Amino acid sequence: MSRLGAGRATEVSVPGKIMLAGEYAVLKGGRSLSSAVDAFLTLTIEPSEQKGVWVESNLWPEPRLLTPQPQNEPLLDSLQRLLSHNVRVSVTSELDVSYGLGSSSAIRLAAHLATHAFEQKTINLSFDERWQAAREAWHAQRTQQGFASGYDLVTQLQGGYVHWSPDFEQWPGRVQSRDPDWLQDYVHPYIGGEGAPTSKVGGGVRTYLDAENLWPELHSRSEALVTAFASESLDAIIRANQGHRELFEPAPFYPQKIYKLLASLPDFDRSWSFKTTGAGGEDAILLLGLKSSLTEADQALKQRGWKPLPHTFTAHGTRITWKDLGT
């Protein structure tokens, strides 16, 4: 067993994620498809001579002292078990919150995994211990947001292109890995919008689905889209995505301007298509099709400040390592 020795710190790196199919339906037990991307959030815990738990992040102007009182802040609330230690916790993140890459779930997962590893003085957590930490992060996510399937945590822990069938009684349920290479050619995330805060946008969309009694229809269309993606047939994906998109177009926060712009271009919903992802607002959006079919769509988006996501899909999941202090 690899144990943390003197002069070493626990380090956990968690990738970002993108949902491809299954948004909202997954809250009712529907399947989802998602993938990790090669942008990472890294959390380090190291012993300190300074009393207390000091937490610093490249997202904050100055370090914070951890206190027992709930902060309603994912990172601080996930580190509570460290209060009996004198440590320094540092976080660096490549996950811009406006991209919808799972920055808050990555913080929770990294904190729970790092805490387990630090307390046990090992980086070799077992399969069950890793999933227990992810389960703790999922419970915290549900408590703060009021809803959460945990698909983001599943994707970020597992890595790669994930086909997930949830079981909320015995979470996570069935997790299957697929080859992400196909995604590189046919699924193209773009970023540049105003972001889609999960609680605000997700709550609004759920209210819309409730009010219109659309959950059964959503389940049907979502399952069709997941099946189409799994078939790796672009024609099938475009057809299923069109039906899926029609259900969400009237929802609050749907990016109507971007949709209407893209829908006006040649061969839309024929050789290529457009899809929102995750909460469904202006975080990352997806263009579906071969790059050779997306020239006009690419130019139109760039003229309005959007650009391809500067990260690719990756097979890498969460890594737990040690770091030599002073390096």
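**Exercise 1. Helix 7**

Which residues of helix 7 are buried? Consider also the length of this helix in the predicted model.

*Solution.*
Step 1. Helix 7 runs over residues 215-231 and has 17 residues.
Step 2. The distance from its first C-alpha to its last is 24 Å, close to the 24 Å expected at 1.5 Å a residue.
Step 3. The buried residues of helix 7 are Trp215, Leu218, Ser222, Glu223, Leu225, Val226, Ala228 and Phe229.
Step 4. Just after helix 7 comes glutamate 232, which takes a positive phi of about 60°.

**Exercise 2. Helix 8 and its surroundings**

Determine whether the span of helix 8 agrees with its number of residues, and state what covers its buried residues.

*Solution.*
Step 1. Helix 8 covers residues 234-248, that is, 15 residues.
Step 2. At 1.5 Å a residue the helix should span 21 Å; the end C-alpha atoms are 21 Å apart, so the two values agree.
Step 3. Of the 15 residues, 11 are buried, and helix 8 is thus mostly covered.
Step 4. Among the buried residues are Leu234, Ile237, Asn241, His244, Arg245 and Phe248.
Step 5. The cover over the buried residues includes helix 5 (181-186), helix 6, helix 7 and helix 9 (256-263), together with strand 9 (273-276) and strand 10 (285-288).

**Exercise 3. Arginine 221**

Classify arginine 221 as buried, partly exposed or exposed, and list its contacts.

*Solution.*
Step 1. Arginine 221 is located in helix 7.
Step 2. Its relative accessibility is 27%. Buried requires under 20% and exposed requires over 50%; arginine 221 therefore counts as partly exposed.
Step 3. When neighbours within four places in sequence are left aside, arginine 221 is in contact with Gly243, His244, Glu246 and Leu247.
Step 4. Arginine 221 and histidine 244 are 23 residues apart in sequence, yet their C-alpha atoms are 5.5 Å apart in space.

**Exercise 4. Glycine 102**

Where is glycine 102 placed, and is it buried or exposed?

*Solution.*
Step 1. Glycine 102 is in the loop between strand 5 (87-93) and helix 2.
Step 2. The relative accessible area of glycine 102 is 12%. The cut-off for buried is under 20%, so glycine 102 is buried.
Step 3. Leaving aside neighbours within four places in sequence, glycine 102 is in contact with Lys17, Leu95 and Gln156.
Step 4. From C-alpha to C-alpha, glycine 102 lies 8.6 Å from proline 15, although 87 residues separate the two in sequence.

**Exercise 5. The nonpolar cores**

How many residues does the largest nonpolar core have, and which of them have the most contacts inside it?

*Solution.*
Step 1. In soluble globular proteins, nonpolar side chains tend to be buried together.
Step 2. The largest nonpolar core has 69 residues; those with the most contacts inside it are Leu20, Leu43, Leu75, Val89, Val187 and Phe229.
Step 3. Helix 2 (residues 103-120) contributes the largest share of this core, nine residues.
Step 4. A second, separate core has 31 residues, including Tyr259, Phe268, Trp272 and Ala279.
Step 5. Valine 89 serves as an example of contacts: not counting residues up to four places away in sequence, valine 89 touches Leu43, Thr44, Ile45, Val53, Trp54, Val55, Glu56, Leu79 and Leu82.

**Exercise 6. The pockets**

Describe the volume and lining of the largest pocket and of the second largest pocket.

*Solution.*
Step 1. The volume of the largest pocket is about 910 Å³.
Step 2. Its lining consists of 42 residues, and Ser104, Gln145, Ala196, Pro197 and Thr198 lie nearest its centre.
Step 3. Helix 2 gives the most to this lining, with five residues.
Step 4. By class, the lining of the largest pocket has 17 nonpolar, 18 polar and seven charged residues.
Step 5. The second largest pocket has a volume of about 280 Å³, and 14 residues line it.
Step 6. Strand 8 gives the most to the lining of the second largest pocket, with four residues.

**Exercise 7. The second largest cavity**

Which residues line the second largest cavity?

*Solution.*
Step 1. The second largest cavity holds about 30 Å³ of space.
Step 2. Its lining residues are Glu23, His244, Arg245, Phe248, Tyr254, Lys275 and Thr276.
Step 3. The largest share of this lining, three residues, comes from helix 8.
Step 4. The lining divides into two nonpolar, two polar and three charged residues.

Key:
Residues numbered from 1 in each chain as written. Predicted model: local features only at pLDDT ≥ 70, side-chain atom pairs only at ≥ 80, totals over all residues. Heavy atoms only, no water. Core = buried A, V, L, I, M, F, W, Y, C linked by side-chain atoms within 4.5 Å. Buried < 20%, exposed > 50% of the residue type's maximum accessible area, 1.4 Å probe, protein only. Helix = DSSP H or I, 4+ residues; strand = E, 2+ residues; numbered from the N terminus. Contact = heavy atoms within 4.5 Å. Expected span 1.5 Å × (residues − 1). 1 Å grid on protein atoms, 1.4 Å probe; cavity = no way out; pocket = protein on both sides within 12 Å on 5 of 7 lines; lining within 4 Å. Points joined across faces, edges and corners; volume = space filled by probe spheres on them. Nonpolar A, V, L, I, M, F, W, Y, C, P; charged D, E, K, R; others polar.
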